Amino acid sequence: MDIKPGSPYDINGACFNADMYVKKILKESNLKQVMDHEREIHQDIQSLHSDMQTLVYENYNKFILATDTIGKMKDDFKNLEGDMEMLLCKMDEITKSSETITSSLHANRDEISKLSETHKLLRRFQFVYTLPTTLKKLLLKKDYVQVVQEYLHAQRVLTQYGNQESLKGILDDCNNIVNELMKILYSHLRDKDVSGKELTKSVDLLLQLDEPVLSLCKEFLLHSKNRLFESLDDLQLQVENLNQDMIEFIDLGSDTFLSQLCLVITSFNDMFIENVLKNDGNEESEITMNQLSIFVEDNMVRYLEIVQCYIDRNTSDTAILVRALDRFYRKIQAIGKLFSYKDFTLNALEIISSAARRQTKLHLAMLKAHFNDKLATIRQSLVSLQKLNDNGFATESLNSLTSDVIEKVKGILQDISAFLEPEVSFSTKYTLRKSISVDNVREGLVVGFLHYLSSAARSYTISIPCPPAFLFLIMTKMCLEYQMSGVGYLLHLVDEMYEINKYFENKPKNSSQLSSEAELASDMHSTAQDLVNYYVRVEGLSISQMLKKSVETRDWLHSLEPRTVRAVMKRVVEEITYVDSQVGELFEEGLRTDRSSDSSRRTQMSRHIRAWSSGGTATNTQTFSAINRLFSERIDIFSPVQFSRVSITTGIIKISLKTLLECVRLRTFNRYGLQQVQVDIHYLQLYLWRFVSDENLVHLLLDEILSSSVHRCLNPVLMEPSVVEIICERG
């Protein structure tokens, strides 16, 4: 049943009408609803009755105590009425006595007042007459505070009555004593040995004597400047000697210079700024603040320069450096709270940023030295060994240039992260964190070191004397390892450890100043390609020198009938075999074309012999060779080498055989000289085909050499293939 509050049907309201409520219930409800409603009302009545009983029981004791208190108050008020009546009687007596005294003394009241004033004045004059003597005694005792107090106490009287002859001499004596005191106080301002407390007391006394505030400011700051310069000179001496570690140096600066500067600022504010403000001197207040600001800035600039110089010359451990810089920054923050007119924390952050940048450069130099030491060790081992018999040397050397170096980088990254530890006071500065993380560590250290790896590896290609050729293979594999995994691992490590991504949340990293992984990997690949190409040329040149010397030093026009393979050819095969084994330690086999059978290989090798034996001429043989070259692919001798075993050895063999071809074209052969070349060529064919990616390439180059030999022969008669095979097998 919906009942509005305040209506006569509201059973809880003040306007409730029982008759109207019952009529409404009987009118709107059936019998069952009336009985249910009656039951609810009965339950509510019982509940309220129970609550009322509980309330009475709980407050019963309070009711009893209240009754007792009221009874006691009635008794007390009865006694109080008697006391009040006695008090009124006594007050009446006092009033009567006061009126009697007043009436009896009324006639002499004015005279007594005059006598009292006269007595006070006489006592004051007595004090004034004895003042010079008192001031001299206090001055001799060096109780300067009491001298000023006594003088100021009598100053009003002396000023008021100083024109009288009797007091004029006293005034002059007091002024002379005060002038002497002021000289003493001013001398304190110029005395280097006076403590800061005594200096403050002297300035305060001079201010009480109404000395000009601006002149006192200059004197006070000049004296403070001399004291601070002594502390700064001591710090400068520490910079030149470097006798202390970083923390001790910062603590020394804090305990001497910064503490004294804080004391100067506090004293200046208490003595001058507040004093000027009390006198409503806005213009003087501005002038004094400018003096203090210039004073603080000049001294702080020099102090910060000294700290910067010490950091630049000191080589402390990173943890010690960070602790020292943390203390330094906290002290500068304290100065900022005390002197809010200039924020020196910005200068402190520049010094910290410079220290972090310098520490990063030192670590980068250590990384470079570590890498160079590894390379030097490998190079020395290669020079001391004629042949590498240890199969694990290549793998061990490669690990020292990759895994060991990466672990070194990880340790350095962990070391520099001390700058960004949460407990360090300056680590919350966004600009500083970004500068350290992005510019110094990621780009300056990691990316800079990766660039150095590639440039240092490239520099060996122009090194004089040329290092061992195997070193180029190791560095090639090193660059490939960095390209495949090292670059990505280091970049992801530094990005995660230093939270690089959060600095570029609103813009893509590709559009920022960050070096990309793809660029660095491409640089490593390019370096690896240059190194492997250089290795192929160095090894090819080494073998070419042997072949060239063997061709140029032999008298081919007076050669004897060949009985064996020349030793240089055996040496060439041995060198290529050794090179192939070296390359195989670091690189995979690579792709080869389908190899031909031994019978087809012999057939191809003896085509010139068959052409000549069938009655042909040298011209026919050359024509046959020219036609063969026409339908063969062009051979690029110095084409880029792939990173595989067969590709590298193929490049070396191409250079070697091309050199042999050019040397043959410059010599003239007799019959036996031609046959010796034929034997040598066949021997090379027997062994070199297994080292190249396409044996047809070897066949074509050897075919060129034999063709050129026939062309340069005076009596071109080739040896029977069977005889050549016997000689080669026997050789």
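Which helix is Q380 found in? Q380 is in helix α13, residues 345-384; helices here are DSSP runs of H or I, at least four residues, and strands are runs of E, at least two, numbered from the N terminus. These legends go with a predicted model, where local features need pLDDT of at least 70, side-chain atom pairs count only at pLDDT 80 or more, and totals for chains, interfaces and linings use all residues. Residues are numbered from 1 along each chain as its sequence is written, and side-chain values use heavy atoms, with hydrogens and water left out.

**View 1. The whole chain, and Q380 in α13.** The chain has 26 helices and zero strands. Of its 731 residues, 42% count as buried (buried means under 20% relative accessible area, exposed over 50%, partly exposed in between, with a 1.4 Å probe and protein chains only). Q380 counts as exposed, at 58% relative accessibility. The C-alpha atoms of Q380 and P468 are separated by 9.2 Å, though these residues sit 88 apart along the chain.

**View 2. N299 and what it touches.** N299 has its place in helix α11, residues 282-313. With a relative accessible area of 1%, N299 is buried. Leaving out residues up to four places away in sequence, N299 touches L228, F229, L232 and F257 (contact means heavy atoms within 4.5 Å).

**View 3. The buried side of α26.** Helix α26 covers residues 721-730, and V724, I727 and C728 are buried in it. Those three are on the same side of α26 because they cover an arc of only 95° around the axis (the arc is that of the directions from the helix axis to the C-beta atoms). The buried residues of α26 pack against α24 (671-688). Turned away from that buried side is a face with the exposed residues I726, E729 and R730.

**View 4. A salt bridge inside α2, K32 to D36.** The side chains of K32 and D36 meet at 3.2 Å, N to O (a salt bridge is a side-chain nitrogen of Lys or Arg within 4 Å of a carboxyl oxygen of Asp or Glu). Both residues lie in helix α2 (residues 31-58), four residues apart, about one turn of the helix. An α-helix has 3.6 residues a turn, so residues three or four places apart point the same way. K32 is exposed at 59% relative accessible area, while D36 is partly exposed at 26%.

**View 5. A salt bridge between helices, R327 to D251.** The closest N and O atoms of R327 and D251 are 2.6 Å apart. This pair links distant parts of the chain, with R327 in helix α12 (residues 318-338) and D251 in helix α10 (residues 246-278), 76 residues apart. R327 counts as partly exposed at 32% relative accessibility, and D251 is partly exposed too, at 25%.

**View 6. A loop-to-helix salt bridge, E589 to R645.** Here the closest N and O atoms of E589 and R645 are 3.6 Å apart. E589 is in the loop between α19 (567-586) and α20 (598-605), whereas R645 is in helix α23 (residues 645-664), 56 residues apart. E589 is partly exposed, with a relative accessible area of 34%, and R645 is partly exposed with 22%. Elsewhere, salt bridges that share partners join K658, E662, R665 and E704 into one network. The structure holds 21 salt bridges.
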